[in-house]
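Thank you all for coming this morning. I would like to walk you slowly through one chain, beginning with a strand and ending with a few unusual backbone spots.

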Amino acid sequence: MKRILVTGGLGYIGSHSVVELQQSGYEVVIVDNLSNSRADVVDNIQAVTSVRPAFEKVDCTDLDAMEGVFKKYAGIEAIIHFAASKAVGESVQKPLLYYRNNIVSLLNLLELMPRFGVKGLVFSSSCTVYGEPDVLPVTEDAPIKPATSPYGNTKQINEEIIRDFVKAQDGVNAILLRYFNPIGAHPTALLGELPNGVPQNLVPYITQTAIGIREQLSVFGDDYDTPDGSCIRDYINVVDLAKAHVIAIDRILNDKQKERVEVFNIGTGRGLSVLELVDMFQKATGVKLNYKITGRRAGDIEKVWADPRKANEELGWKAETSVEDTLLSAWKWQLKLREKGIQ
Ligand code: UD1
């Protein structure tokens with residue numbers, strides 16, 4: 001069985017990807033510092049897959065501890081690197097935290113890869129690297145715009161570090177997956193997003209409002225240059241997104257890459273406005289949502305959605321789950337959290 005290291009494997013996208021990897025026959029070792037996740041996610045992964053992944057509570061910025069992980073679990077063949085801080089607003093307040101966490105973690109992994117014979121890295125990148133795109137849908141060739149937050153900058157810098165390192169290091173290859181907006185939860189409602197405190201992202205805010213944890217959803221702006229005036233994003237189902245990681249790992253391990261560093265947009269190709277998404281949530285769940293239009297949020301992009309054709313054609317990956325089913329899965333997850341008394 002091929003052994004894969006998943007950093008941040010107890011987090012939102014990480015945990016769904018661990019499930020898909022295990023269900024595809026990979027053996028997974030999770031490293032997570034629990035800074036934005038809970039240790040009982042391991043139990044929930046086991047409940048879904050009947051396999052308990054190995055888990056080490058280690059911070060990726062700790063080089064010695066990471067070396068210990070590679071020694072303990074000999075023969076790791078590839079890494080999926082999710083572990084990172086990801087709140088745009090917080091990154092503006094605490095830039096050093098973001099640069100340290102997100103950059104040192106990657107440097108440590110890259111340093112250890114050749115020493116332990118690790119062939120490949122799949123990196124969690126983001127559509128944030130495109131900034132406000134000039135052409136929509138956005139393709140992988142679109143120019144990288146100056147980052148508008150330290151968080152976004154760490155994604156850009158990390159992509160560059162990976163390119164430079166692969167150039168210098170024979171035998172190490174990489175795939176950069178640029179995610180659009182991941183939403184939803186596992187259909188079993190055993191895994192999903194666990195926001196820390198007040199959610200910053202739209203869908204957790206919607207489900208928390210719908211269940212009564214939050215009074216009212218603020219729709220940030222209706223005066224954008226879009227059909228209904230609210231911002232447009234490409235909302236991608238988290239399980240569909242997780243499956244792209246398994247394909248990327250297969251591709252690296254089976255030497256199918258066309259270039260040693262490949263980059264793919266992972267999105268649906270469909271742009272939806274905030275108001276459209278709110279409407280779809282209400283129709284799909286039958287729950288009425290209390291919302292109001294407020295002012296714009298600083299730093300928001302007006303509209304961005306993916307051209308996912310490269311991933312469709314070269315990876316044979318496609319977003320499959322409808323937005324309605326995805327919103328329903330997010331709602332089922334929120335109901336399950338209440339049942340468990342978590343949120
Ligand atoms: C941003 C980043 C993304 C990053 C993610 C992590 C961009 C284009 N995207 O996503 O790279 O990984 O944060 O958190 O920079 N909204 C409301 N009310 C709310 C919350 C959100 O109206 O209470 C709106 C936002 O204005 C936006 C949309 O919903 O138009 C989606 O927002 P959010 O879920 O926060 O994601 P992004 O900002 O797109």
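Before we look at a pair of neighbouring strands, let me fix one term: two strands are said to pair if DSSP finds at least two bridges between them. Please also keep in mind that what you see is a predicted model.

With that term in hand, let us begin at strand 1, residues 3-7, which is joined to strand 2, residues 27-32, by 5 bridges, the two strands running parallel. In this pairing L5 stands opposite V29 of strand 2. Between the two strands the chain passes through helix 1, residues 12-23, and this β-α-β crossover is right-handed. Strand 1 also has a partnership with strand 4, residues 76-81, again parallel and again with 5 bridges, and here L5 stands opposite I79.

Are the faces of strand 1 covered or open? In a regular strand the side chains alternate between the two faces of the sheet. In strand 1, R3, L5 and T7 lie on one side while I4 and V6 lie on the other, and all of them are buried, which leaves both faces covered.

Let me now step back to the whole chain, which is divided into domain 1 (3-183 + 236-266) and domain 2 (202-233 + 269-339). The C-alpha centres of these two domains lie 24 Å apart, and 26 residues of domain 1 are in contact with 22 residues of domain 2.

Which residues touch the most other members of the largest nonpolar core? That core holds 38 residues, and the ones in question are I4, L21, I45, L177, I249 and I266. Helix 8, residues 238-253, supplies the largest share of this core, namely 9 residues. Because domain 1 and domain 2 both give residues to this core, it lies between them. If we follow I249 and leave aside its neighbours within four places in sequence, we find it in contact with I4, L21, Y26, A78, I79, I80 and V122. There is also a second, separate core of 30 residues, and L5, M66, L110 and F123 are among them.

Let us move on to helix 9, residues 274-285, where we can check a length together. A helix of 12 residues, at 1.5 Å a residue, should span 16 Å, and since the end C-alpha atoms of helix 9 are 17 Å apart, the two values agree. Its buried residues are V274, L275, L277, V278, M280, F281, Q282 and T285, and these pack against several elements, including helix 7, strand 8 (217-220) and helix 11 (323-340). M280, in helix 9, has a relative accessibility of 11%, and so it counts as buried. Apart from neighbours within four places in sequence, M280 is in contact with R270, L272, V323, E324 and L327. Just after helix 9 comes G286, whose phi is positive, near 75°.

Two further residues with amide side chains deserve a careful look. Q208 lies in helix 7, residues 202-211, and because its relative accessibility is 1%, it counts as buried. Not counting residues up to four places away in sequence, Q208 touches P195, P199, I213, R214, Q334 and Q343; in the case of Q343, 135 residues separate the two in sequence, yet their C-alpha atoms are 8.4 Å apart in space. N44, found in helix 2, residues 41-49, is buried as well, with a relative accessible area of 14%, and, with the same sequence neighbours left out, it touches L190, L191 and K340.

I will finish with the backbone. Where does P137, whose peptide bond from L136 is cis with omega near -5°, lie in the chain? P137 lies in the loop between strand 5 (120-126) and helix 6 (150-168).

S50 has a positive phi of about 65° although it is not a glycine, and A189, also a residue other than glycine, has a positive phi near 60°. S50 sits in the loop between helix 2 and strand 3 (54-57), whereas A189 sits in the loop between strand 7 (181-183) and helix 7. Are these two buried or exposed? S50 is exposed, with a relative accessible area of 64%, while A189 is buried, with a relative accessible area of 4%.

Key: Residues are numbered from 1 along each chain as its sequence is written. This is a predicted model: local features need pLDDT of at least 70, side-chain atom pairs count only at pLDDT 80 or more; totals for chains, interfaces and linings use all residues. Side-chain values use heavy atoms; hydrogens and water are left out. Helices (H or I, at least four residues) and strands (E, at least two) are DSSP runs, numbered from the N terminus. Buried means under 20% relative accessible area, exposed over 50%, partly exposed in between (1.4 Å probe, protein chains only). Contact means heavy atoms within 4.5 Å. A crossover is right-handed if, with the strands pointing away from the viewer, the path from the first strand over the helix to the second runs clockwise. A nonpolar core is a set of buried Ala, Val, Leu, Ile, Met, Phe, Trp, Tyr and Cys residues joined through side-chain atoms within 4.5 Å. Domain bounds come from an automatic or database domain assignment. The expected span of a helix is 1.5 Å times one less than its number of residues.
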